[in-house]
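Here is a short note to read beside the model. The points are numbered so that each can be checked in the viewer.

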Protein chains: 2
Amino acid sequence: VSPIGLTTEPSRSDAEELDALDPLGASRDLFEIDDVGAIYLDGNSLGRLSQLTRARLADAVDEWGRRLIEGWQDWYRLAVHVGDRLAATVLGAGPGQVAVTDSTTVNLYKLADAALAARPGRRVIVGDREDFPTDRYVLEGLAAARGAALRLLESDPVEGIDLDALAAAVDRDTALVCLSHVNYRSAARAEMAAVSELAHRKGALMLWDLSHSAGAVPLHLDDDGADLAVGCTYKYLNAGPGSPAYLYVRHELQRQLRQPIWGWFGQRDQFAMGQGYDPEPDIRRFLAGTPAVLGLVAVDAGIEPFAQAGIDRLWAKSQALTSLLIQLHDAWLAPLGCRLASPRDPGRRAAHVSIGHHEGWRLCRALIERAGVIPDFRAPDVIRLGPAPLYSRFVDVWDACDRLRRLLQSGEYLTVDASRRPVT
Amino acid sequence: VSPIGLTTEPSRSDAEELDALDPLGASRDLFEIDDVGAIYLDGNSLGRLSQLTRARLADAVDEWGRRLIEGWQDWYRLAVHVGDRLAATVLGAGPGQVAVTDSTTVNLYKLADAALAARPGRRVIVGDREDFPTDRYVLEGLAAARGAALRLLESDPVEGIDLDALAAAVDRDTALVCLSHVNYRSAARAEMAAVSELAHRKGALMLWDLSHSAGAVPLHLDDDGADLAVGCTYKYLNAGPGSPAYLYVRHELQRQLRQPIWGWFGQRDQFAMGQGYDPEPDIRRFLAGTPAVLGLVAVDAGIEPFAQAGIDRLWAKSQALTSLLIQLHDAWLAPLGCRLASPRDPGRRAAHVSIGHHEGWRLCRALIERAGVIPDFRAPDVIRLGPAPLYSRFVDVWDACDRLRRLLQSGEYLTVDASRRPVT
């Protein structure tokens, strides 16, 4: 019997029954979904459009056209206002600690640089080889510019961060530990409280990338000892391609930290436009330039379904979806040459499941072109299947695995053109 | 006789005649304008919404909802694609030198830091006290972080940069000269070729902020010796509140310069997601994080009217609009206690006109609340009137000056509530 109470080879009617019993089933109706279209299992890369987001964006365009410059009376507060809603609904953080602004990359740069400056004399940044590229590149660039060393963990590509290895890597010379809460390839989930505590024990600051975590996994930034965090809003938070990212800075640290990009939205009494940078004493000092208003409106709309569904219920559904996926993998796909590239232990896993195969890229293209299933691919050979609990169904998972099985059985995937390169 | 061929006190029918003869009059119809609404003279702060932009944004939302992750096949090229269009239409630059990305503040930071790194041993940045706050703050922050000195010109608040004073400030220790092409308060316009040449003579790099210039004044970045430039798209370019900014890096410099925020959109063969940052050899190395797709679509739409009207014709109209405004100021407003806070010489002026008055803020509020005119305010006492040649009419200028005159004559402006603080 599996964690979701099914026999080892669930049938399609088992999946249908799970959907019928799903208390969150109706949240799918919030989204614009063409039910004759493909099965979308890439909400962990780019989330779906909701009707509310479309409406709010149209309203925001109206507001720009109508109010023009007077709109700024409200817009200039949006970064913190939407940040507070995100903090309360998704991040497990009290108000005044989150701002929605810039890209994940730029926010990571700002906070990591601020952390280095707050630990003068310490010369090491600890990261992870398995982390998302932009995180590694940003840290590499900062290390090079500040004369620091970047020490990368060699985590297991499937199981993620090993606490003993991390303990060995973090020392009294470590200024900053910067890790993803959830690994972008394997969905391995770090133990936030334990890792944060380990960094703190050596006097380092702890910066989390929540991009594959927020909106899928319950987060408790305040309770779990995060000092700093960043993340994107276009995955599980459904705010659209390239929507603005967020940053979190724990209250107690805000006055001690100074980020490097001294822009006018961080300035105290900003519209006095005075001489000399004198940053706000609060989260606003981590802002830089003029905020992207349409993007902020989309983030605000994206938060709404989470406020309604509740992250704990979404997480319970997510675990059931990924458990079903792994059962089907074991029953059907493993015998056909696939391997599980995500942690088997549900306590170590987040909301997507990766499946490795030596022809992973070709299989990924075949799923899209021949089987009406949209996953994504991660080099060298991993297919990511990300059911988003707000709108993905158990039958979607069942059908996707079934179609993947058939492609493997028939060998049809060998006939697709795999010359096109992965994008995203 | 004025530069536009009018007697010293033009009548409203003179203004109507200028509108009737205006070859660009029809471009107003591209924008969503409620003709019973206020006269909007703040397009230099936030441009108007066009029908095309509304439609393109709606299409982009559709595309997100429909194509989902597959949309990135096209979106990932947008930053450079839209940059090339902006370069050709507005900036006077050849292809491959402009990217639309991030905010003006972040772009200024990236390019200024890259310039400092490219001039090792040189320890001075030259800026201007009169420049927009975010520019000064960014340079101040970089100077503090890199052990450099920020040397600020004390330019005349009305006339702007003095070439002799600049020549005295730039020396062999100057790494970077960073100035606005057009001053945000006075609209004083710098001589780009002469200033750039002056910086180059001492071996410094030249970085221009074009925010108050692009879309209003003809630019010739390639010909006028700009090394680097940044600017926003929400003013004359009409791309909406907080739309993404752009950056320009001259071809010859691209391989020598390395910006500090090493993000995945700057990485060669980005989607291989490999170890070690290895930036693209071209303009893409100045990108950082995931691009704001809706914002980029709005910038692309915003460029369209410029492609149709042509920047030279817009500039001719702009000069006629500001000349009319100054004539009316001289005839009506100066005798009532106003002073011209923009250069009188049209060869030194850009597209807006600032009028100083010791009760400037109160007058600004009175124009908005009592007279149906939207200008903006710049501390300490300046009202900015920015007729945008794509959609502002000569009668708008005439009526705005007439209403300002009446407010001053009646003293009604003294009765408005001026306790509210300026925002934007």
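**Notes on the predicted model**

1. **A buried arginine.** Start with B:Arg378, which sits in strand S12 (residues 376–378) of chain B. This is a predicted model, so read every value here as computed from it. The relative accessibility of B:Arg378 is 4%, so the residue counts as buried. The cut-off for buried is under 20%. Follow the chain back to B:Ser186: the two residues are 192 apart in sequence. In space, their C-alpha atoms are 9.6 Å apart.

2. **The cis bonds beside S12.** Look next at the peptide bond between B:Ala379 and B:Pro380. It is cis, with omega at about 5°. B:Pro380 belongs to the loop between S12 and strand S13 (382–385) of chain B. Chain A has a cis bond between A:Ala379 and A:Pro380, again with omega of about 5°. There, A:Pro380 is in the loop between strand S12 (376–378) and strand S13 (382–385) of chain A. As background, most peptide bonds are trans.

3. **How the copies are related.** What turn lays chain B on chain A? A turn of 180° does so, with a shift of 0.0 Å along the axis and an RMSD of 0.0 Å. The two copies are therefore related as by a two-fold rotation axis. The same surface serves both: 100% of the contact residues of chain B recur in chain A. To find the axis from chain B, go to B:Asp102. Its C-alpha comes closest of the residues of that chain, at 3.4 Å.

4. **Helix H2 of chain B.** This helix covers residues 51–67, 17 residues in total. At 1.5 Å a residue it should span 24 Å, and its end C-alpha atoms are 24 Å apart, so the two figures agree. Its buried residues are B:Thr53, B:Leu57, B:Ala60, B:Val61, B:Glu63, B:Trp64 and B:Gly65. What do they pack against? From chain A come helix H2 (51–67) and helix H10 (293–309). From chain B come helix H3 (72–75) and helix H10 (293–309). Just after H2(B), B:Leu68 takes a positive phi of about 50°.

5. **Helix H11 of chain B.** H11 runs over residues 311–333 and has 23 residues. From first C-alpha to last it reaches 31 Å, close to the 33 Å expected at 1.5 Å a residue. The helix is mostly covered, with 17 of its 23 residues buried.

6. **Cavities.** How many cavities of 30 Å³ or more are there? The count comes to 12. The largest has a volume of about 510 Å³. Its lining is made of 38 residues. Those nearest its centre are A:Gly242, A:Ala292, B:Gly242, B:Pro244 and B:Ala292. The elements that give two or more residues to this lining are H10 of chain A and H10 of chain B. By type, the lining of the largest cavity divides into 20 nonpolar, 16 polar and two charged residues.

7. **A buried tyrosine in a loop.** A:Tyr236 is placed in the loop between strand S7 (228–231) and strand S8 (246–249) of chain A. Is A:Tyr236 buried or exposed? At 4% relative accessibility, A:Tyr236 counts as buried. Leaving aside residues up to four places away in sequence, it touches A:Gly43, A:Asn44, A:His212, A:Ala214, A:Gly215, A:Ala216, A:Phe306, A:Ala351 and A:His352. One of these contacts spans a long stretch of chain: A:Tyr236 and A:Gly43 are 193 residues apart in sequence. Their C-alpha atoms are 6.0 Å apart in space.

8. **Positive phi before H10.** Most residues other than glycine have a negative phi. Two exceptions deserve a look. A:Met273 has a phi near 55°, and its place is in the loop between helix H9 (251–254) and H10 of chain A. It counts as buried, at 8% relative accessibility. B:Asp269 has a positive phi of about 50° and is not a glycine. B:Asp269 lies in the loop between helix H9 (251–254) and H10 of chain B. With 41% relative accessibility, B:Asp269 counts as partly exposed.

Conventions: Residues are numbered from 1 along each chain as its sequence is written. Chains are lettered from A and ligands numbered from 1 in the order in which they are written. This is a predicted model: local features need pLDDT of at least 70, side-chain atom pairs count only at pLDDT 80 or more; totals for chains, interfaces and linings use all residues. Side-chain values use heavy atoms; hydrogens and water are left out. Copies are superposed by least squares on the C-alpha atoms of residues with pLDDT of at least 70 in both. Contact means heavy atoms within 4.5 Å. Helices (H or I, at least four residues) and strands (E, at least two) are DSSP runs, numbered from the N terminus. The expected span of a helix is 1.5 Å times one less than its number of residues. Buried means under 20% relative accessible area, exposed over 50%, partly exposed in between (1.4 Å probe, protein chains only). On a 1 Å grid over the protein atoms alone, a cavity is a set of points where a 1.4 Å probe fits but cannot get out, and a pocket is an open set with protein on both sides within 12 Å along at least five of seven lines; lining residues have an atom within 4 Å of a point. Grid points are joined across faces, edges and corners, and a volume is the space filled by probe spheres set on the points. Ala, Val, Leu, Ile, Met, Phe, Trp, Tyr, Cys and Pro count as nonpolar, Asp, Glu, Lys and Arg as charged, and the others, Gly among them, as polar.
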